[in-house]
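Biologist: Please take a close look at one part of this model for me. I would like to see the loops with unusual backbone geometry, set against the chain as a whole.

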Amino acid sequence: MVLLPHVLLAPPLLEKHEREAFTRAGDYISTAVSPRGNSLAVFAAATDSKHSKRSEEDGYASDIFISTWDSVISNSRRKFISDCFVTMVKFNKTMARHQSGLFDEDLSEDDLIWFNGIADEYLIALKLERERLDDEDPWPEAAISHTEILYAAFSLFQVMHLPSNGSLSGLVGEELLEWLNTNFIAPDSEAAIELSNLSLPWEEDRFWHYLIRCILRGLSRTALIFFERLKKHPSPLMSHQAEALVNILSSHPRSNSFDTEQEFFSTWRQWKSKVAGFRKKLELLSDEDGDDWLPWLLEIAHIMEGDKATIIRYCESYEEGWKEAICVWGIWVDVGLRRQNIPGVMTSILESLPQDPTLSEEKLFAAFFSDQIGEVIKCANEIDIWLAAHLADMMQPLGLLVESEDAELPIQYLLVDPSLWRIAVLYMYECGEAGQLQADEVLLRIPLNLGNTKGKEGTAERGQMDPEDDVLVDGRVKQILEICKDHGREGVRREICRIAARTFTELGKYSLAISYYTSADDWPGVGRIVDLMLTKSIAADSKEFIASVLEIAPSLQHASSYGQSIFQRRLSFLVRYAEFHTHWSQGDVQDAAWDVVSMFRDELVPTFWWGMLLKQAGELLLQDAEVMPFEVTEVFELLRRLEEVQTRAAQGSGPEYLGALMYQLQKGGEREALRQLESVRLTLARYFARCSVLAVGGKGRILPQPT
């Protein structure tokens with residue numbers, strides 16, 4: 001992260017006349033840097049909050065300025081980044097399929113053709129961005145110029161390292177010329193239209209300059225149109241020379257028109273002999289024969305012969321300067337120019353046509369032609385971090401970047417736009433270990449917006465309890481978990497599941513909370529939700545408690561199949577306790593009684609709930625005097641548990657066994673809870689006596705005695 005030496009706020013936090021009062025109040029300017037991006041909060045803080053003299057009436061008392069040293073991302077730029085992101089994902093997935101992430105040291109032609117296709121996709125995205133900017137109102141001239149620089153840089157990378165035919169050893173002159181004509185259009189098309197509309201265009205001063213620029217740029221068809229017009233020149237000699245030039249220029253051999261280099265070189269040598277013969281004939285003419293056109297024809301002949309001095313002289317007068325010279329070099333001077341020869345030619349040209357060291361794009365283009373890859377990445381970073389990131393991303397598997405040059409690239413600027421968080425994170429995961437750690441921190445701080453979840457527990461009712469597939473959860477959670485899974489960030493995934501689970505717990509969405517705690521293997525978290533639901537059941541209506549447990553039942557089933565034994569028992573108690581309330585509320589005393597005894601025998605009841613469950617067992621006996629719900633052995637079990645509670649209470653552990661009952665009673669504390677259990681003891685004793693007198697051996701309704 002690059003820190004600025006100062007930040008300018010508008011409007012200012014303090015006016016000039018407020019500074020003295022601000023200082024007297026014992027305040028100072030404080031900042032808080034965002035952990036997610038290149039932004040910070042600026043606000044007034046007190047040196048000593050207890051003795052601060054700040055008043056709420058002060059204008060700065062509660063003002064917080066959010067400032068950033070990255071430009072806000074426009075809608076067009078956002079779309080551009082998203083388009084490129086699709087290509088980047090495809091590229092990196094393909095790289096991941098290679099064991100080492102690197103191709104063989106000697107790249108095959110098919111490999112380079114594939115890389116060339118990836119570069120084409122980035123260039124298409126840049127073209128679309130340029131078209132979108134063209135449609136904006138007002139016309140964003142600066143943004144358009146910036147996009148054109150990006151296109152020129154990336155297409156130059158393609159020309160220098162990713163030939164369309166996959167051959168790095170092939171001739172490069174035509175590709176360089178095409179790059180020049182595509183990105184630095186000249187000569188002006190408006191001038192061509194104006195000249196073509198004139199009846200005697202050669203009388204215009206700019207006519208010959210236009211023709212020479214066309215020939216220099218290899219625009220033979222355009223030049224031929226005007227040479228055809230020169231055949232009608234009033235001077236028969238000029239007309240004759242024009243016809244000769246038409247024959248020569250129309251037969252100019254271009255390397256991309258031949259199947260083999262040998263055939264091209266042979267044809268080119270013959271053609272150059274014709275040009276030399278034409279020049280010699282021109283030199284035999286006197287100035288008097290054509291004082292207004294002869295010098296220009298000689299200049300054209302010198303260019304076609306590849307005279308370095310003439311080409312350098314004309315390129316010096318053009319805005320593109322050294323770029324124009326090196327791009328036409330392989331057309332006129334050295335038709336056998338290959339990529340490995342370009343740095344040497346570049347050095348020679350810069351001696352006569354120096355670059356502008358104040359322009360980052362000039363330095364970038366020069367670095368490309370000089371094969372200084374480290375400087376390329378440095379200059380690209382000065383122009384646009386997007387350019388540096390994607391160049392480095394493609395250069396690394398090509399083996400162009402050495403380790404020292406493969407620096408971590410800051411992508412924080414994308415976080416200025418919250419909607420681009422996913423793209424920013426995935427870029428960071430491609431930036432080495434430091435980038436991965438930074439991406440982890442960003443993921444942990446992305447707002448989950450779980451409060452916007454629609455529906456309460458609809459998914460739970462269908463039993464789809466995998467949180468990563470829960471369509472009712474905000475899609476952002478699913479995206480974050482997918483990213484963690486794809487990049488093997490298991491620790492981050494679990495922590496995000498915990499965050500989501502805590503949020504759902506606060507929202508009362510216990511089914512989703514349990515699912516996320518289970519996904520995080522956080523069994524204590526699952527236990528806390530169970531305890532929370534049980535605690536709420538004490539004060540809640542039994543129907544409400546039963547309904548809440550039914551809603552989370554699929555989650556409980558999923559969690560119990562993976563959980564640890566201590567938490568499995570707690571989950572089982574919650575379900576069985578809800579079943580007990582269901583039977584009781586339906587008047588099914590026998591099944592409710594069986595639920596109580598079976599929970600005790602299976603050791604599912606937490607000691608905190610013993611007092612409560614024993615009290616409820618006593619209430620069952622009082623509900624219907626004609627029903628004998630417990631067997632004698634079951635009564636003994638309940639009495640044994642009751643005795644243990646009273647013994648533990650006498651030893652000072654009452655709250656451990658009476659906690660739930662004390663919470664329900666609210667008043668009276670442990671003493672009142674023990675008094676309630678004495679009533680339960682009496683009820684159980686009476687029930688035992690009835691069983692003995694009536695000789696009831698099991699559960700059932702009392703039968704009338706025969707008369």
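Modeller: This is a predicted model. Start with the outside. The protein chain exposes about 35600 Å². Carbon and sulfur atoms supply 50% of that area. Now the inside. Of the 707 residues, 47% count as buried. The chain holds 31 helices and five strands. Look too at the contacts between residues at least 6 apart in sequence. Of these, 66% join residues at least 24 apart.

Now to the loops. Keep one background point in mind. Most peptide bonds are trans, and most residues other than glycine have a negative phi. The four loop sites below depart from one or the other of these habits.

Take the cis bonds to begin with. Find helix H3, residues 109–134, and helix H4, residues 141–161. Pro-138 sits in the loop between them. The peptide bond that joins Asp-137 to Pro-138 is cis. Its omega is about 5°.

Move along to helix H5, which covers residues 173–183. Pause at Glu-174, which belongs to this helix. Is Glu-174 buried or exposed? Glu-174 is buried, because its relative accessible area is 13% and the cut-off for buried is under 20%. Which residues does Glu-174 touch, leaving aside neighbours within four places in sequence? The contacts are Arg-254, Ser-255, Asn-256 and Ile-331.

Now leave H5 and enter the loop that leads to helix H6, residues 189–196. Pro-187 is in this loop. The bond from Ala-186 to Pro-187 is cis, with omega near -5°.

Next come the positive phi values. Go to helix H23, residues 510–519, and helix H24, residues 523–539. Asp-521 lies in the loop between these helices. Its phi is near 55°, a positive value, and Asp-521 is not a glycine. How much of Asp-521 is accessible? Its relative accessibility is 39%. Asp-521 therefore counts as partly exposed, as the class runs between the buried cut-off of 20% and the exposed cut-off of 50%.

Finish at Gln-666. This residue is in the loop between helix H30, residues 654–665, and helix H31, residues 669–694. Gln-666 also has a positive phi, near 65°, and is not a glycine. Its relative accessibility is 69%. Gln-666 therefore counts as exposed, since that class begins over 50%.

To recap, cis bonds lead into Pro-138 and Pro-187. Positive phi values mark Asp-521 and Gln-666.

Terms used
Residues are numbered from 1 along each chain as its sequence is written. This is a predicted model: local features need pLDDT of at least 70, side-chain atom pairs count only at pLDDT 80 or more; totals for chains, interfaces and linings use all residues. Side-chain values use heavy atoms; hydrogens and water are left out. Helices (H or I, at least four residues) and strands (E, at least two) are DSSP runs, numbered from the N terminus. Buried means under 20% relative accessible area, exposed over 50%, partly exposed in between (1.4 Å probe, protein chains only). Contact means heavy atoms within 4.5 Å. Accessible areas come from the Shrake-Rupley method with a 1.4 Å probe; for residues, only the protein chains shown count as cover.
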